[in-house]
Amino acid sequence: MGFCKKTKGAIAVFMSLILLLVFVFGCLIVDGTRILSAKSIILGAGDLAMNGALANYDTKLKDMYGLMGMKEIPEDLSEYFNHSINAATLNDSGKKYGGLIQLDTESFQLKPVNGSQVCCTEPMRQQILEYAKYRAPLAFGDEMLDKLSSVKKKMKTKEAIQKQLEVSECFKDLNDLCGQLKEKLDVHNGYCVQKPSDREIENLENQISDLYGRVALMDKIRVALSYDTPDSSLSTKETEYCVKSFLNCIETVRPETEHPEDCFSSVMKALKYQQEINTRNLDEMVNSASSEEEKKELSKLCENYRSKNRVIDQYRNKVEALEKSSVSQAYTEIFQKYYPLGDQAIQSAEDAIPVADQIIEMLTSDQSSLNSKMKEWKEKIEKLEEPDKTQQMEMYERYDELINPGSVQDMKNCLQDNIDYFQKYKAYWESFEFCEVPLYNRSEPDPAFFTKAGRYSSPKYENNQLKEEAGQFFLQNYVSWDYAETMEGMMYRNLNEHPYFKELENLLNESKNQEADGKKNNMLNEAQRILDNLFGGLDNLQDADWSGTIPSEWLSQSITESGSSEFQSMDTESNKKMVSSARKSMDESANILDSLGRLLSGMTEDMLITEYGVQMFSYFTIDKDLDGKERNPDAIISLSGFKFSDKTTAMYRSEMEYFLWGNRSAKENVKYTIVQLFAVRFLINILCAFTNSQLISETMELASGASFAAPLVQAALFLAAALMETARDMIDLLQGKPVLILKTQKTWASYYLDFSGMNKKTENGFHTLTYKEYLRIFLLLNNFDDAKQEKVLARMADCMQLNLRKVSSKALDLTQSCTMVSVVADIAINTTFMESIPRAIQLTDTNATNRYIIHYKSVLAY
């Protein structure tokens with residue numbers, strides 16, 4: 001036991017060290033426990049303060065719309081918080097409960113949370129969902145989904161009908177081509193009928209021969225007149241004798257005569273005397289007179305000679321003029337009239353052939369728009385269900401019968417035969433020559449005529465000799481083909497008698513389309529009259545007072561949606577424009593109905609927001625019952641019991657429409673909604689019209705006389721009937737009455753030949769929708785898009801704000817009223833050891849206090 005003596009007192013030292021550590025730890029535990037207890041107290045006091053702030057909500061907003069928003073934060077909440085953390089309000093026999101944990105408020109701030117205003121998107125959305133999920137009857141239940149499912153199924157027909165409209169436009173293109181071909185054939189036939197007959201050709205040949213025989217005669221006279229060698233036998237004759245002989249010869253010449261050959265001999269004799277006289281001096285003859293009397297006589301003779309000297313020049317000019325007139329007459333009366341017919345007939349036939357080729361291409365090629373559209377249409381039809389499939393296939397087969405390229409090909413062959421024929425016809429006229437000069441384009445004598453005439457061969461200038469030489473000259477230089485031989489083997493086709501031409505005349509007879517156009521125009525005019533009067537009841541709608549702060553502006557959501565205040569325009573100037581504009585309208589309206597698939601996939605929260613809007617706000621037909629009669633004003637209330645009227649509702653009968661469009665004009669919002677509703681009903685009625693067997697039969701009968709445009713005419717008749725049916729639907733919808741979603745043959749009213757359905761009345765039933773239900777669909781489609789839902793909620797806040805102002809002069813400002821509050825506070829607690837121990841071992845500043853600061857933050861919402 002000796003070894004223990006050396007360690008005496010060691011245990012006490014270690015125990016002291018251990019006890020010190022245990023004591024320090026125990027002290028820290030005591031202070032930590034007090035701090036944790038203080039935090040729990042502060043948390044409770046903070047919740048009480050925030051609940052106190054939130055309890056100060058606006059009762060009007062709560063009663064009218066089921067939403068909660070703070071009016072203002074009470075000023076005494078800071079004092080209330082201080083009392084709560086120290087239990088200052090507890091007093092039992094004078095005992096104090098705050099001694100153990102004494103808390104001091106260093107700072108306290110309770111304020112609304114920015115972004116939690118009632119009108120902000122998410123706070124409003126959450127409150128609406130909370131309110132509506134227990135109260136709003138979910139109208140989009142199985143029944144509504146079943147109704148929309150029927151529309152979704154019908155939308156499968158839309159693609160087939162759009163293809164049918166495209167096909168009808170292609171048939172209109174075919175009809176236009178046929179019209180162009182008919183016009184070009186008329187031009188070609190117009191030239192063909194001017195073609196001379198064989199007997200006329202024979203007469204024309206004789207006429208040309210006579211005219212150019214005369215040209216040959218005139219050329220021979222001209223040649224003779226150009227002979228300038230003097231007659232040597234006259235050189236021995238006295239001048240007086242020559243002058244008198246000249247005057248005797250020239251006396252019988254008539255230069256204006258149309259037959260200069262009859263005085264040719266006299267002219268030539270006078271010409272020889274003239275040539276001899278021109279070699280002598282007439283003045284010497286006069287001066288050689290033996291007496292004054294003789295001198296006077298010779299002077300008079302010379303004077304007479306000089307006056308008659310011009311006759312030969314006049315005769316020569318007349319000959320040249322007659323030659324020109326003969327050539328001109330042959331050109332203007334024969335060649336210019338009949339030769340161009342060849343070019344004109346050939347050109348008109350060549351103009352017609354490309355159009356015929358286009359028609360053949362359209363009817364035969366798989367790549368043509370008509371055939372490709374027909375193929376696409378058939379593919380869409382085969383995907384349809386009965387009875388739509390049968391009805392569409394019936395129209396497809398009817399249109400397919402119009403595609404027959406055989407007769408067009410035969411017409412093209414006839415045109416080619418006529419081209420070959422008229423090329424030979426041209427060659428015949430081009431064969432006419434005189435002196436190797438073509439005559440078909442000769443309007444004046446060619447110099448070759450005179451050159452080829454040569455010299456006058458006979459020494460005697462007798463009239464008969466002249467004619468003989470002229471005849472020989474003509475026969476040697478005149479060339480023409482025999483018409484019968486030239487045209488042998490050529491075939492001329494009279495296209496007026498061609499079966500295809502007669503068919504075109506029959507099919508393109510516009511008078512046959514008058515009945516169809518008349519029926520269609522009557523339907524369109526009546527529909528337009530109804531539509532023009534639809535907006536008449538909107539003038540009584542009241543506009544709100546938009547002064548003051550508006551939530552949508554404050555949220556920067558005050559954006560007016562782009563809408564139309566005009567009904568979908570269908571250009572009725574022509575059937576093709578009408579169909580084309582209808583196709584565009586279908587594409588635009590189909591976006592709404594195509595979205596129905598998303599409605600059927602389940603959107604509970606969006607449905608609740610939609611139903612809240614429908615049940616808590618007014619719309620255009622809210623004052624009408626299902627029979628179109630005025631409702632009892634006391635029965636027009638919201639889901640919360642708020643009574644709708646023009647005195648309590650700033651935008652009475654147009655609030656839901658405002659949700660959709662955001663226009664501050666109530667009238668414009670309702671207009672936009674009516675136009676959108678019209679577009680949807682028009683599209684649905686188009687789908688029903690094109691599958692209505694009775695309407696198909698009527699339109700086929702009316703369009704039967706429209707040739708290749710029959711499909712287009714039928715499509716236009718369908719569209720006019722759909723427009724009329726839609727106009728009737730709009731009257732019922734705006735009166736609050738239900739309208740069948742899909743029309744059958746029995747429930748369709750707008751027929752062309754059967755007027756028994758014009759007074760049909762739609763019974764309220766399972767497959768009907770009212771104006772209110774269409775609004776529900778439009779609003780739900782908007783709520784499905786997050787960006788649009790933000791605008792809808794902002795516009796709901798606008799209506800709430802406006803209505804609160806309507807019923808109270810001290811209305812809550814939704815842009816300032818918050819749904820969340822926050823508390824930020826610094827609370828001090830005295831500690832016994834937590835600060836003393838570090839200071840004792842010099843780990844902290846010696847001036848540090850024994851106070852610990854608790855930083856408290858919290859948020860609370862409704």
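What share of the contacts in the protein chain with a separation of 6 or more comes from residues 24 or more positions apart? The share is 83%, and I would like to keep that figure in mind as we go through this model, which is a predicted one.

Let me start with the chain as a whole. The protein chain holds 31 helices and 8 strands, and of its 862 residues, 48% are buried. About 41,800 Å² of the protein chain is exposed, and 48% of that area is supplied by carbon and sulfur atoms.

Next, a word on confidence. The average pLDDT of the protein chain is 82, with 85% of the residues scoring at least 70. Among the elements, the lowest mean pLDDT, 53, belongs to helix 1, at residues 2-5, while the highest, 94, belongs to strand 2, at residues 433-434. As a general caution, predicted coordinates should not be read in detail where pLDDT is low.

Strand 2 is also a good place to begin looking at the details. There is an open sheet of 3 strands in the order 3-2-4, and the pairing in this sheet is antiparallel. Its edge strands are strand 3, at 437-438, and strand 4, at 478-479, each of which pairs on one side only. Between strand 2 and strand 3, which run antiparallel, there are 2 bridges, and Glu-433 stands opposite Pro-438 of strand 3.

In the loop between strand 2 and strand 3 we meet Cys-435, whose phi is near 55 degrees, a positive value in a residue that is not glycine. Cys-435 counts as buried because its relative accessibility is 3%, which is under the 20% cut-off. A second case of this kind is Arg-653, again not a glycine, with a positive phi of about 70 degrees. Arg-653 sits in the loop between helix 24, residues 604-616, and helix 25, residues 655-661, and with a relative accessible area of 13% Arg-653 is buried. For background, most residues other than glycine have a negative phi, and most peptide bonds are trans. On the second of those points, Glu-386 and Pro-387 are joined by a cis peptide bond, with omega about 0 degrees, and Pro-387 lies in the loop between helix 13, residues 369-382, and helix 14, residues 388-400.

Now to the interior. The largest nonpolar core has 185 residues, and the ones that touch the most other members are Tyr-212, Trp-429, Phe-434 and Tyr-612. The element that gives the most to this core is helix 12, residues 310-364, with 18 residues. There is also a second, separate core of 37 residues, which includes Val-243, Phe-246, Val-267 and Tyr-315.

If we leave aside neighbours within four places in sequence, the residues in contact with Phe-434 include Tyr-212, Val-215, Leu-439, Phe-449, Phe-473 and Tyr-478.

Finally, let us consider helix 15, at residues 406-430. How far apart are its end C-alpha atoms? They are 37 Å apart, which agrees with the 36 Å that its 25 residues should span at 1.5 Å a residue. Among the buried residues of helix 15 are Val-408, Met-411, Leu-415, Ile-419 and Phe-422, and the buried set also includes Asn-418, Lys-426 and Trp-429. Trp-429 brings us back to the largest nonpolar core, where it is one of the residues that touch the most other members.

Methods
Residues numbered from 1 in each chain as written. Predicted model: local features only at pLDDT ≥ 70, side-chain atom pairs only at ≥ 80, totals over all residues. Heavy atoms only, no water. Helix = DSSP H or I, 4+ residues; strand = E, 2+ residues; numbered from the N terminus. Expected span 1.5 Å × (residues − 1). Buried < 20%, exposed > 50% of the residue type's maximum accessible area, 1.4 Å probe, protein only. pLDDT = per-residue confidence, 0-100. Pairing = 2+ DSSP bridges. Contact = heavy atoms within 4.5 Å. Areas by Shrake-Rupley, 256 points an atom, 1.4 Å probe, with all protein chains shown as cover. Core = buried A, V, L, I, M, F, W, Y, C linked by side-chain atoms within 4.5 Å.
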